[in-house]
Amino acid sequence: MTSPLFSQVFKNMENFTPYSALIGGVLIGSSAALLLVLNGRIAGISGITREILPPWNNAVTWRLCFLAGLIVAPLLYQLFGGHIVVQLNNPSLWLMAVSGLLVGYGTSLGSGCTSGHSVCGLARLSARSFAATLTFMFTAVLTVYIARHVIHLGV
Amino acid sequence: MSKNLSALFCGVVFGLGVCVSQMINPQKVLDFFDMFGAWDGSLAWVMIGALAVTGVTTRLIVQRTKPVFEPNFHLPTASCIDKPLLVGAALFGTGWGLSGLCPGPAISALSLGIPQVYVFIAAMLAGMWLFKILKVG
């Protein structure tokens, strides 16, 4: 017997995967901790990616190696029996282009994305990362609300 | 050489985390943001797991005199919460909410042969490059 409030809050219980999410999070945190202790670098994916683009004024090689690791990881995961689902409800390429532009320009102007601000920055107790995390989480929730429930974009 | 190998290894571990946690699935991400609809809170646990590791280790690591393979740490020095930070984060959040893709998972997904991901990454690189040339100019 579940209460109405319980079923209201946990409408999507069948998709709730806290254990795999927790293990994945520990892996992401471990990667960030290792990159810091071994190379003295913040595992900020947007910053690492931006610095491989011209004009070059920073080391490029280690960044390319990190990104290569990111790219081969799903293949390794599948090789060892892992199952990957990538579902895009609205497959519009225009939507992807607008989203990509906003993510690329926004993370550059805002000095980081989820990894740099929310995984590394919050751990360093950075006030900037705290403000950035609140801002992008809030705007993402707002965007999904408008896209799904107001203008019915089909995302 | 060592620092390139360690970066490669860290990239693999990060990418595996993105796969295991299902952050690589844009639908999963958008369901997490859909707090007024069919909310799926799973991805909060990604943050909890990641911060459990970095929250404990970061403090210990930066007490070292230097990292293992480099002469010194490269840490951000800015401390002021300024307009570019907040505007940039707001633009990023809007883009993330439109597709469910953020840079790490999207780059990992490049190996899966999905046209939408190629377009997203091309546009993301264009946005980053635009910022760089506007800043130089």
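**Salt bridges and the A–B interface**

Biologist: How many salt bridges does the rule count over all chains?
Modeller: This is a predicted model, so side-chain atom pairs count only at pLDDT 80 or more. By this rule, the count over all chains comes to 7 salt bridges.

Biologist: And how many salt bridges does the rule find across the interface of chain B and chain A?
Modeller: One example is the pair A:Arg128 and B:Asp82, whose side chains meet at 3.3 Å, N to O. Across the interface of chain B and chain A, the number of salt bridges found is 5.

Biologist: Take B:Glu70 and A:Arg41, which meet in a salt bridge. Where does A:Arg41 sit in chain A?
Modeller: The two side chains meet at 3.9 Å, N to O. The pair crosses between chains, with B:Glu70 in the loop between H3 and H4 of chain B. On the chain A side, A:Arg41 is in the loop between helix H2 (18-39) and helix H3 (45-50).

Biologist: Is B:Glu70 buried or exposed? And what about A:Arg41, buried or exposed?
Modeller: The cut-off for buried is under 20% relative accessible area. B:Glu70 has 8% relative accessibility, so B:Glu70 makes the cut. A:Arg41 has 13%, so A:Arg41 also counts as buried.

Biologist: Next pair: B:Asp31 and A:Arg148. Why does this pair join two chains?
Modeller: The side chains of B:Asp31 and A:Arg148 meet in a salt bridge at 3.0 Å, N to O. The pair joins two chains because B:Asp31 lies in helix H2 of chain B and A:Arg148 lies in helix H7 of chain A.

Biologist: What is the relative accessible area of A:Arg148?
Modeller: Its partner B:Asp31 counts as buried, at 9% relative accessibility. A:Arg148 is buried too, and its relative accessible area is 14%.

Biologist: Which residue does B:Lys28 meet in a salt bridge?
Modeller: The partner is in the loop between H2 and H3 of chain B, while B:Lys28 is in helix H2 of chain B, and the two are 12 residues apart. B:Lys28 is buried, with a relative accessible area of 5%, and the partner is buried with 2%. The side chains meet at 2.8 Å, N to O, and the partner is B:Asp40.

Biologist: Which residues are joined into one network by salt bridges that share partners?
Modeller: We've already met part of it, as B:Glu70 and A:Arg41 form a salt bridge. Through shared partners, the salt bridges join three residues into one network: A:Arg41, B:Glu70 and B:Lys3.

Biologist: Let's zoom out to the interface. How much area do chain B and chain A bury between them?
Modeller: The size of an interface is often given as the accessible area lost when the parts come together. The contact takes 106 residues from chain B and 105 residues from chain A. Of the area buried between the two chains, 75% is on carbon and sulfur atoms, and the total is about 9,800 Å².

Biologist: Which residues in chain B lose the most area to chain A?
Modeller: Together they account for 7% of what the chain B side buries. The residues are B:Phe14, B:Leu98 and B:Lys132.

Biologist: How many residue pairs are in polar contact across the interface, and which helix gives the most to the chain B side?
Modeller: The rule finds 33 residue pairs in polar contact there, both residues at pLDDT 80 or more. Helices of chain B that each supply at least two residues to that side include H1 (2-20), H3 (44-62) and H6 (115-136). With 17 residues, the helix that gives the most is H1(B).

Biologist: How many nonpolar residues does the side of chain B that touches chain A have?
Modeller: That side has 9 charged and 30 polar residues. The nonpolar residues number 67.

Biologist: Now chain A itself. How many helices does its secondary structure come to?
Modeller: Read along the sequence, chain A follows the pattern α-α-α-α-α-α-α. There are 0 strands, and the helices number 7.

Biologist: What share of the residues of chain A count as buried?
Modeller: The C-alpha atoms of chain A fill a box of roughly 55 × 35 × 35 Å along the principal axes. The accessible surface of chain A comes to about 7,200 Å², with 71% belonging to carbon and sulfur atoms. Of the 155 residues, the buried share is 51%.

Biologist: Last one: the backbone nitrogen of which residue lies 3.0 Å from a polar atom of the side chain of A:Ser126?
Modeller: A:Ser126 is in the loop between helix H6 (114-121) and helix H7 (127-150) of chain A. A:Ser126 is buried, with a relative accessible area of 14%. The backbone nitrogen at 3.0 Å from its side chain belongs to A:Ser129.

Conventions
Residues numbered from 1 in each chain as written. Chains lettered and ligands numbered in written order. Predicted model: local features only at pLDDT ≥ 70, side-chain atom pairs only at ≥ 80, totals over all residues. Heavy atoms only, no water. Helix = DSSP H or I, 4+ residues; strand = E, 2+ residues; numbered from the N terminus. Buried < 20%, exposed > 50% of the residue type's maximum accessible area, 1.4 Å probe, protein only. Areas by Shrake-Rupley, 256 points an atom, 1.4 Å probe, with all protein chains shown as cover. Contact = heavy atoms within 4.5 Å. Buried area = accessible area lost by both parts, 1.4 Å probe. Salt bridge = Lys/Arg side-chain N within 4 Å of Asp/Glu carboxyl O. Polar contact = N/O pair within 3.5 Å; in protein donor to acceptor, adjacent residues only side chain to side chain. Nonpolar A, V, L, I, M, F, W, Y, C, P; charged D, E, K, R; others polar.
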